[in-house]
Amino acid sequence: MTTTIDPVSKICCIGAGYVGGPTMAMIAHKCPHIDVKVVDINADRIAQWNSDRLPIYEPGLDEIVHSSRGKNLTFTTEIDQAIRAADMVFISVNTPTKTFGVGAGRAANLEFVEKCARRIAEVSEGHKIVVEKSTLPVRTAEAVKRILSNTANNATFDVLSNPEFLAEGTAIEDLLEPDRVLIGGERPESIEALVDIYANWVPRARLLTTNLWSSELSKLTANAFLAQRVSSINAISALCEATGADVDEVAAAIGTDSRIGPKFLKASVGFGGSCFQKDILNLVYLCEYFGLPEVAAYWEQVVRMNDHQKQRFVTRMVRTMFNTVSDKKIGIWGFAFKKDTNDTRESASIYVCRDLLLEKARLCIYDPQVSEHQILNDLEYVFTEGDNKISEAKRELIEQHVTFASSAQEASSDAHAIAILTEWDEFADADFDAIYSTMKKPAFVFDGRNRLKDLGLKAKGFEYHGIGF
Ligand code: UDX
Ligand code: UDX
């Protein structure tokens, strides 16, 4: 290939989601000399990015967006124009687990990535660098490259893999000071073009370059290892409950071993989020595809353990509350999959609420950032059956058993129990004396995050149960 690569001055990112939006906002903020256009097929989402209320709740994001929006950061639905004008195109669309056909329930659905590649091939002219930002199975770049080799206008492309490691709730910190930025590719000049962008604020020693396949696989592996740590400590939490050990003490004790380290050892009601389960299932699928069933079974266990943890939480609630929660009011504190985000994808809350509803409990739900509309959507979706439809009986179950509150205290009024499912900081500041006085007795608290563990709730009269002690 003879094309020379000029420094990048125009970027287009397809997909204005939890990854594309904050990442591009940070690039625009740190690189005022680069024009950044974020495009999306969802016009409502683009309108929200252009409004005062961004579609994503993420501490620090508003400031970063406001610093560049209207200058070198644009959110638009004019996809073709933005692709055509750009030197570098990021693909940051969603890659959900397939729900149909070959690999259903495991493989990633690459329909959207493929559509993006085809669109880029169709409208591009000259030379462009295409960057895979979405988490993809190993060797997806091969498919993207083949699609891009059939272009309408003799355009040429280099493909890079640049997986995102930001965690929701800390996205801005993670983008500002990443542990590392991973860039996989084949042609040194195009790798360097992306390195030069990040080098505007990330020390060069943290910019790791690899071949394409290592980069793709590293993202899946990082998420699998992180999720495995959570499932491992959650497995130990069950043993702690059976033996009288305290999982937080065990975590602190093992975390001081520098080989293990203290992070990602917080026992919980189960991990959620758009990535962990999806990426592990994807890994499992890849292992099976490449004829490695034992490796596949090993990783699949991480997801099974997580499902078990969510079920165990509900079983413990039901057993403790005299083997029935039918017609009992339960205050649900938190619906997001972790604090400081409005994202509910794969949140443990969805599954805990589903199982409590199947036990006919009455749920009063409060989350400081998640809308009622989103919660109802999630609950309806979790009850859909094979044909993707919800039965009338299940719809009635939700309608008759789910209400919403505008504060944690209101959700707990007259309740038999509280279930803490997200570790929002504000929950620790609640007026527990006032809450206790309005609850049915015994006033049960089931803390799926051990957030209230040190607040002396037992001394205030509550019957307090956490995870792993
Ligand atoms: C996505 C992937 O899910 C994840 O695997 C990857 O690591 C990063 O990108 P996220 O940003 O959280 O994560 O997804 P989401 O918030 O769903 O945003 C994706 C956006 O792409 C949506 O706004 C959707 O409308 C848009 N999209 C999807 C397109 O613009 N075009 C498409 O063809 C498909
Ligand atoms: C994760 C990865 O951390 C990130 O690098 C990748 O880019 C996307 O996937 P995210 O899902 O946003 O990020 O959040 P994360 O902080 O990893 O938490 C995932 C889930 O694990 C949450 O439900 C969280 O509550 C849970 N968790 C995390 C625990 O239960 N215990 C822990 O010790 C840590």
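Residues are called buried when under 20% of their relative accessible area is available, exposed when over 50% is, and partly exposed in between (1.4 Å probe, protein chains only). The model examined here is predicted, so local features need pLDDT of at least 70 and side-chain atom pairs count only at pLDDT 80 or more, while totals for chains, interfaces and linings use all residues. Side-chain values rest on heavy atoms, with hydrogens and water left out, and residues are numbered from 1 along each chain as its sequence is written.

Salt bridges come up first. Side chains of opposite charge can pair when their charged atoms come close. With a salt bridge taken as a side-chain nitrogen of Lys or Arg within 4 Å of a carboxyl oxygen of Asp or Glu, the count comes to 33. One of these pairs joins Arg362 to Asp327, with 3.2 Å from N to O. That bridge ties together distant parts of the chain, 35 residues apart: Arg362 sits in strand E10 (residues 362–366), and Asp327 in the loop between helix H12 (293–320) and strand E9 (329–333). Helices (H or I, at least four residues) and strands (E, at least two) are DSSP runs, numbered from the N terminus. Asp327 is exposed, at 52% relative accessibility, whereas Arg362 is partly exposed, at 32%.

Lys37 and Asp35 make another such pair, their closest N and O atoms lying 2.9 Å apart. Lys37 is partly exposed at 27% relative accessibility, and Asp35 is partly exposed at 22%. Elsewhere, Asp246, Asp248, Lys266 and Lys453 are joined up in a network of salt bridges.

Helix H5 (residues 111–123) carries a bridge of its own, since Glu122 and Arg119 both lie in it, three residues apart, or about one turn of the helix. The closest N and O atoms of this pair are 3.6 Å apart. Both ends are partly exposed, Glu122 at 46% relative accessibility and Arg119 at 31%.

H5 also packs against helix H6 (residues 140–148), at an angle of about 30 degrees and with the axes 8 Å apart. Axes here are lines fitted to C-alpha atoms, for helices over the stretch in contact, and angles run from 0 to 180 degrees between N-to-C directions. The two helices are therefore roughly parallel, the label for angles under 35 degrees. In the contact (heavy atoms within 4.5 Å), Val113, Glu114, Ala117, Arg118, Ile120 and Ala121 of H5 meet Val144, Ile147 and Leu148 of H6. These residues divide into seven nonpolar (Ala, Val, Leu, Ile, Met, Phe, Trp, Tyr, Cys and Pro), no polar and two charged (Asp, Glu, Lys and Arg), with the others, Gly among them, counting as polar.

How values were computed
Chains lettered and ligands numbered in written order. Parallel < 35°, antiparallel > 145°, perpendicular 65-115°, else oblique.
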